[in-house]
Structures are given as structure tokens and as C-alpha cells.
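Work through the exercises below with the sequence and the model open. Try each task before reading its solution.

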Amino acid sequence: MSIVTEPADETGQPPASEPAAASAAVSAAASAAASEPEITATPTQPVPMTEEQKFFFDLKGWILVPSVLTETEIEEMKAEVYAAVAPDYKGKNSDIKRGYQGKLANLLDHPAVVGILNEILTEPPFVGDDHYGFRCESSFLMVREPGWKSTVQGTGLPHVVRPPQQANAMRYQVQGGKIFAGLTRVVWELEEVRAGYGGTSFLSGSHKAHFNYGGPDRYRPNISESPWEESLYASLEDYSCPPGSMLVFTESLIHAANDWTDPNNPRCAVFNCYNSIWAQWHRLNLDHEVIEKMPPKRQSLFRGTWQLGGDGNRAYSLDNRSV
Ligand SMILES: O=C(O)CCC(=O)C(=O)O
């Protein structure tokens, strides 16, 4: 079974059949910025997470928001990803190796992302007009042609950021009726994904597991050597979605990469990772020269990881960047 929740409009209600208002906002803002190609638009109106999305995210550890992007956005972004991962694709070479530049940068703070992360990764006192209340700490692009094989050594082995049953700064928590999803992944699927053909798979609910998954080492962040490997694999779920859909999951959830077997299209996706303004998992590996070309609010996604001192930690600068 896959979980599909409708994208919400600004009131938090799912729209009937209109394209996502959020996407339209990004397109409009992006065209307004057309004369400034280096600085893509910062969307301003987050799309609030719905109660339904919150329920399923808490229950399962992941949600799918279908058809967030417009056709034009999908085509432009796909072209950037294909150009980036295969330098000879369409005769183009690309400087874009991650989702921090070009049209792909609009995904970093897309209104659909901001609305959800405002709910699960920060609190109102830390959200401002000129800065975000969460950080982005990694981005990578993916193209998997039909026949691409995952390996049981890498992300093909069901894994988590840390074993979810132990206390740690990255883990999924709910306290006082509030979700706090430490390390959160947002995946943008730019081609169609059909269930069973190689999308990411999840052991739904495992982000709240209280017991070890059977392996010999309680600190091991994957299921290797678990005597229950077969039933763990059999319990994984995946999803179907049209291009332009957004998948959000907590990295405390057991999940895995899978062989891409769909002969109809490659998997083409952008994987962005977010964290609390007070915690960090990945080294950022992003040059100041790229960040300084972003609108200031988007730059705040890459500020240092601390809270108290000086005038507070809101703006990004060369002296205040995450490492
Ligand atoms: O490649 C995939 O489908 C899953 C990627 C993954 O394991 C991760 O984001 O941690």
C-alpha cells in the first residue's frame, strides 16, 4: 500500500483539481527573477502541512505529496539533472552537480517543503520573514537507468541514520503534541515512479520502534545479519507517483534503495536533506560563492549550527556558515 496525500492550499485544505498554488507561486516568482539568472526566487507563502499529512507522517514516517510541480518546472528541472549527471547528455555539460543551483535551487525552499518543515523541524519562535527555522545540509541528484542495480552493501541495505530505538540528536520525536523529525529527507521525483519498479522503500512505523531489528549489534544502523531479514524485506512499502511529486521521510525510518526495473523511464530525482538549526549530520560541501548568489532567505538554510550568542543566529554569512 502506498500513502498518497493531496497537496494543500494556503488554508491547509487540499485543492479540488487545480495545479498546486505553491507551484504557480514559484513559477511566477521565477519568471520575475528571469533578468537575474543567478538569483532564483525565494517563494514566500508556505503551504501548511495538513492534519492528514501529519497523521500519516507520524504513523508511517513518510508521506508522498503528488504532482507538486508544474509541467514546465518538471521539464526544466529534469533537463538540469540529466545534464548534470551525464555531461554528454544532449551535448551539454553542466556545473550543477547538486540541487543548489539553477531551477533546482527553487526546490530547496519550495512552499510545499517550507510548510511541512515548519511543522516537523522547527517551532514558530524560530521562523522569521527573513530566515528559515530549519537548515539544509545536503543535496544530491540521481538518475537510474532501467537495469540499475542497488547493492546490498550500500543504501540498498535497509538502513537508518541511527538505530531508531536509541536516543540521539537525529531521531524522530513527538512531545507535547509536536513532531520533531531530526534528520528529514525530501525527495523530488521528476519522472514517473511505479510501485514495485525501484522507488525508495520503507519499513513504515520503524522510526518509532522500541526494539532492535534482530542484528548482533544494537549500534548498527542497518538490518545486516538480522535473522529476520526476509520478513523485514517483505514488510517494506513503496509508492507510485507522477513526475513532480515530493516524498518526505524521516531518516530514522528504515528505508532502502532498490534496483530500477521500469523499462519506460529512468528514475530521475533530487534528494535534499534538512536538519534542525541546532544539529548537523552531513558536512555541507557547498561553496560560499554558490550560496552568496541565492536570495538572502534561502541563504539562511546554510547558516551555522548554533543558537545563543551575538545577535542571534538568523542570517548566513561567510563567517556564519555550516561547515
Ligand atoms: O536511493 C534511494 O532510493 C534511497 C536513498 C537513501 O537511502 C537515503 O536517502 O538515505
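**Exercise 1. Place N285 and classify its exposure.**

Start with location. N285 sits in the loop between β9 and α7 (288-291). Next, check the backbone. N285 is not a glycine, yet its phi is positive, about 55°. Now count neighbours. N285 has 12 C-beta neighbours inside 10 Å, so it counts as exposed. The model is a predicted one, and these values are computed from it.

**Exercise 2. Do the same for S67: in which loop is it found, and how exposed is it?**

S67 lies in the loop between β1 and α3. Its phi is positive too, about 50°, although S67 is not a glycine. Within 10 Å there are 18 other C-beta atoms, so S67 is partly exposed. A residue needs 20 or more to be buried and 12 or fewer to be exposed.

**Exercise 3. Decide which parts of the model carry confidence.**

Begin with the average. The protein has a mean pLDDT of 86, and 83% of the residues score at least 70. Then look for the weak stretch. Over residues 1-37, pLDDT stays under 50. The model still has 80 contacts beyond four places in sequence for this stretch.

**Exercise 4. Find the buried side of helix α2 and what it packs against.**

Step one: list the buried residues. In α2 (residues 51-60) they are Q53, F57 and K60. Step two: test the geometry. These residues cover an arc of only 90° around the axis, which puts them on the same side of α2. The general rule fits here: an α-helix has 3.6 residues a turn, so residues three or four places apart point the same way. Step three: turn to the opposite face. It carries the exposed residues E51 and F55. Step four: identify the partners. The buried residues of α2 pack against β1 (62-65), α5 (111-120), β4 (178-181) and β7 (245-250). Step five: look past the end of the helix. G61, just after α2, takes a positive phi of about 95°.

**Exercise 5. Is P48 buried or exposed?**

P48 is in the loop between α1 (21-32) and α2. It has 20 C-beta neighbours inside 10 Å, so P48 counts as buried. For a distance check, take V114, 66 residues away along the chain. The C-alpha atoms of P48 and V114 are 8.1 Å apart.

**Exercise 6. Describe the largest nonpolar core.**

First, size. This core has 63 residues. Second, hubs. W62, L117, M246, L247 and V248 have the most contacts inside it. Third, contributors. Elements giving two or more residues include β1, α3 (71-85), β2 (134-144), β7 and β9 (267-276). The most comes from α5, with 6 residues. Fourth, inspect one hub. Beyond its neighbours within four places in sequence, L247 is in contact with W62, L64, V187, E189, T200 and Y239.

**Exercise 7. Which residues surround the ligand, and what are their classes?**

The ligand is surrounded by T155, R185, T200, H255, A257 and F271. By class, the shell has 2 nonpolar, 3 polar and 1 charged residues. Note T200: it lies around the ligand, and it is also in contact with L247.

**Exercise 8. Summarise the whole fold in numbers.**

Count the elements: 8 helices and 9 strands. Check burial: 43% of the 323 residues are buried. Finish with contact range. Take contacts with a separation of 6 or more: 78% of them join residues 24 or more positions apart.

Key. Residues numbered from 1 in each chain as written. Predicted model: local features only at pLDDT ≥ 70, side-chain atom pairs only at ≥ 80, totals over all residues. Near = placed C-beta within 6 Å. Nonpolar A, V, L, I, M, F, W, Y, C, P; charged D, E, K, R; others polar. Helix = DSSP H or I, 4+ residues; strand = E, 2+ residues; numbered from the N terminus. Contact = placed C-beta atoms within 7 Å. Arc of directions from axis to C-beta. Core = buried A, V, L, I, M, F, W, Y, C linked by C-beta atoms within 7 Å. pLDDT = per-residue confidence, 0-100.
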